[in-house]
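Please walk me through this structure in a few careful paragraphs, beginning with its surface charge and then turning to its side-chain pairing and to how far the coordinates can be trusted.

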Amino acid sequence: MTRANRLLYAGGIVLGATLVLGGCATQPTEEAPAQEDMESQASQAISEAESAVDKTRSQTGDWGLWKSTLGILDNARNSFDQGNYEAAIEAAEEAEWQAETGLSQHSEEQVQWKAAAQAAKNQGDFPESEWAEAPSRQAERPAGEAEQPSQKSKQVANGTLNVAPSGERGTYIVGSGDNLWDIAAAEAIYGDPFAWPLIYKNNSGRIDDPDLIYPDQQFSIIWNVSDDAYNAAVRHARTRGAWRLGEAEASDMEYLEQY
């Protein structure tokens, strides 16, 4: 190899090395904005998911929220904290979709509920007299329940609550427009709408679908329940998930098997 060739060869090596080193030096500058962009996208996705969940909860009282939605949203937050922004975005978008779908389903099912109730009324399954509020009417005893003399009766929610002298239990007569959520929310019942599964569990033989109850049905109300039973009821109400009018959901049946 001549001296000129050696110089050209050496120069090529130096030039190649310079290009390689130059490329390495500029690479971090190119990745940094991309990483920041992913973080911003993930933060925005989580914020939108949280807004969708809050909207569904406020408009449906948690009835429209799917059982898995809150867990998926927590996964999005955890992934974000760990710097896994791609996973955070994916989970947040899934939580947002579930929240929006749950809200839509709840609206549709409310329409179905009203139609089903009206159809039952029109077909004579529930006479007009049974659809009118009757706060002064005394409840008949549920089958198998002993007579409770001198009960105190008062109007609660849309119906009537008869309280036994012991004060540990009572009988609620469902009024027109009632639902388990509103009944449980009444101060004279539990003062907590999320406690509605307690009514469902204590009257499972009288309630085919907790989303569909009828005027003049009579439910036993039991106040002396354990903390475990109360917490289980609230947990079920908050995580029940999607529901379908006219039938008990699988999660409802699982709840009934507890405690």
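In this predicted model, helix 3, which spans residues 85-122, supplies the largest share of the negative patch, namely 4 residues. The patch lies on the surface and is formed by Glu-48 together with Glu-86, Glu-90, Glu-93 and Glu-94, and of these Glu-93 is found in helix 3.

Charge also appears in the form of pairs, since side chains of opposite charge can pair when their charged atoms come close. The count of salt bridges comes to 2, and one of them joins the side chains of Arg-77 and Glu-50, with an N to O distance of 3.0 Å. Because Arg-77 belongs to helix 2 (residues 69-81) while Glu-50 belongs to helix 1 (residues 3-60), this pair ties together parts that are 27 residues apart in sequence.

How much weight these details can bear depends on the confidence of the prediction. The protein chain has an average pLDDT of 75, and 66% of the residues score at least 70. Confidence is highest in helix 6 (residues 196-202), at a mean of 94, and lowest in helix 4 (residues 128-131), where the mean is 38. Over residues 1-29 the pLDDT is below 50, and this stretch has 1 contact in the model beyond near neighbours in sequence. Over residues 125-142 the pLDDT is likewise below 50, but that stretch has 39 contacts beyond near neighbours in sequence. Where pLDDT is low, the predicted coordinates should not be read in detail.

Conventions: Residues numbered from 1 in each chain as written. Predicted model: local features only at pLDDT ≥ 70, side-chain atom pairs only at ≥ 80, totals over all residues. Heavy atoms only, no water. pLDDT = per-residue confidence, 0-100. Helix = DSSP H or I, 4+ residues; strand = E, 2+ residues; numbered from the N terminus. Contact = heavy atoms within 4.5 Å. Patch = residues over 30% accessible without salt bridge, like charges linked within 9 Å, V, L, I, M, F, W, Y side chains within 5 Å. Areas by Shrake-Rupley, 256 points an atom, 1.4 Å probe, with all protein chains shown as cover. Salt bridge = Lys/Arg side-chain N within 4 Å of Asp/Glu carboxyl O. Lys, Arg positive; Asp, Glu negative; His and termini not counted. Charge placed at Lys NZ, Arg CZ, Asp CG, Glu CD.
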